[in-house]
Amino acid sequence: MTIIDAPVRELTVDDLPKCLDLARDREWPAEAAKWLLLFDLGEVFGIDDPAGGLAATAIVTHQGEELAAISMVLVAARFNRRGLGRRVMTRALAAAGADRTTFLYATELGRPLYETLGFRAAGGVETHTGTCPNGSGGARTAPAADVPGIRALDAEVIGVERRPLLDRLLGDLANVCVVADGDRVTGYAVGTPGETYTMIGPVVADDPAAARSLIRGVASRAPGSVRVDLRAGEAELSGWLAADGLPGRSGATLMVHGDRVLPGDRTRLYAPIGPALG
Ligand SMILES: CC(C)(COP(=O)(O)OP(=O)(O)OC[C@H]1O[C@@H](n2cnc3c(N)ncnc32)[C@H](O)[C@@H]1OP(=O)(O)O)[C@@H](O)C(=O)NCCC(=O)NCCS
């Protein structure tokens, strides 16, 4: 069998080492914890390299009946421009289903492929990384009593109830900060520890000042460096984050499939969970 005939198949968690090898091949970090979460929550597709290892991957993660995120679209560099990216993406799109609004965060390399498949740009993010000094203030951590309020706020802003994803994110409340108006949760942010940094997101807030306080709250409790993918166009907040020790650099383009619009009130979403989950 040649790579042209090799079918797209559904991968299992046993394929994790091959997925990490493929990530390394494209100079992406080998983030086992993130892949494991995506294996758990999503459908992972891949194409085997007949010579061994994986030639391509793509993951679709359903968020309720209405939304789907596609991520980890990777083709081994040795198979560039042989149509593998299109094949795994077509399979992931079919798994997302025509009834769902499907979105992804595109790298510069991925964007031309997604455009040919009917995705269009709908915004972007700027990646901020660094460390925030301990005890630098910010929002308070969330008590268990805030969880229903966080769930309700997330559903309002994202436009769907995204459990079980949210339950995973809220699994350790020591990594979750909130701002509230009396008993009503008006903002929250989550830190997810990873191999190289703690990913901060989502960040949901009423205004940039509250978003900064939430990001500082999570970052100042994180053990090492943090990353937050700030919505593009937030010049003031971007400057504040740089002053807090988290300088920004270019990020990714948010793309939505077809003529759909993402549901919810996205004006309050300052940062997604991360590029894989939105
Ligand atoms: C992006 C990536 C997945 C593309 O995979 P691929 O297998 O090379 O893409 P395909 O061969 O299926 O391309 C299909 C079409 O997309 C477009 N396309 C893909 N890569 C392109 C590029 N670098 N420049 C311009 N158009 C491109 C073309 O229209 C292409 O058709 P053509 O070759 O007949 O002109 C691959 O380059 C990759 O893994 N990059 C590194 C990781 C990455 O950035 N992934 C995207 C994450 S969002």
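A residue is called buried when its relative accessible area is under 20%, exposed when that area is over 50%, and partly exposed in between, with a 1.4 Å probe and protein chains only. The model is predicted, so local features need pLDDT of at least 70 and side-chain atom pairs count only at pLDDT 80 or more, while totals for chains, interfaces and linings use all residues. Residues are numbered from 1 along each chain as its sequence is written, and side-chain values use heavy atoms, with hydrogens and water left out.

**Exercise 1. Describe the overall build of the protein chain, and decide why its radius of gyration agrees with that of a compact globule.**

Start with the secondary structure, where helices (H or I, at least four residues) and strands (E, at least two) are DSSP runs numbered from the N terminus. The protein chain has eight helices and 13 strands.

Next, take the radius of gyration, which is computed over C-alpha atoms, with a globule rule of 2.2 Å times the number of residues to the power 0.38. A compact globule of 278 residues would have a value near 19 Å, and because the protein chain has 19 Å, the two agree. Along the principal axes, the C-alpha atoms fill a box of roughly 65 × 35 × 35 Å.

Finally, consider burial and contacts, where contact means heavy atoms within 4.5 Å. Of the 278 residues, 50% count as buried, and among contacts between residues at least 6 apart in sequence, 74% join residues at least 24 apart.

**Exercise 2. Compare Met-72 and Arg-81: where does each residue lie, and is each buried or exposed?**

Begin with the backbone: Met-72 has a positive phi of about 50 degrees although it is not a glycine, and Arg-81, also not a glycine, has a positive phi of about 55 degrees.

Then place the two residues. Met-72 belongs to strand 4 (residues 67-75), whereas Arg-81 is found in the loop between strand 4 and helix 3 (84-96).

The last step is accessibility: Met-72 counts as buried because its relative accessible area is 6%, while Arg-81 counts as exposed because its relative accessible area is 84%.

**Exercise 3. Find which elements the buried residues of helix 7 pack against, and examine Trp-240 in helix 8.**

First check the length of helix 7, for which the expected span is 1.5 Å times one less than the number of residues. The 14 residues of helix 7 (residues 208-221) should span 20 Å, and its end C-alpha atoms are 20 Å apart, so the expectation is met.

Second, list what is buried: Ala-210, Ala-211, Leu-214, Ile-215, Gly-217, Val-218, Ala-219 and Ser-220. These buried residues pack against strand 8 (176-181), strand 9 (184-193), strand 10 (198-204), strand 11 (226-231), helix 8 (235-243) and strand 13 (269-271).

Third, turn to Trp-240, which lies in helix 8 and is partly exposed because its relative accessible area is 24%. When residues up to four places away in sequence are not counted, Trp-240 touches Pro-208, Ala-209 and Arg-212.

**Exercise 4. Determine which residues Leu-93 is in contact with, leaving aside its neighbours within four places in sequence.**

Leu-93 has its place in helix 3, and at 15% relative accessibility it counts as buried. With the neighbours within four places set aside, its contacts are Ile-70, Thr-102, Leu-117, Phe-119 and His-257. Leu-93 and Ala-69 are 24 residues apart in sequence, and their C-alpha atoms are 9.5 Å apart in space.

**Exercise 5. Locate the cis peptide bonds before Pro-164 and Pro-202, and then examine the surroundings of Pro-272.**

The bond from Arg-163 to Pro-164 is cis, with omega near 10 degrees, and Pro-164 sits in the loop between helix 5 (147-158) and helix 6 (165-169). Gly-201 and Pro-202 are likewise joined by a cis peptide bond, with omega about 0 degrees, and Pro-202 is placed in strand 10.

Pro-272 lies in the segment after strand 13 and is buried, because its relative accessible area is 4%. Leaving aside neighbours within four places in sequence, Pro-272 is in contact with Gly-201 and Pro-202, and also with Tyr-105, Val-125, Ile-200, Asp-229 and Gly-278.
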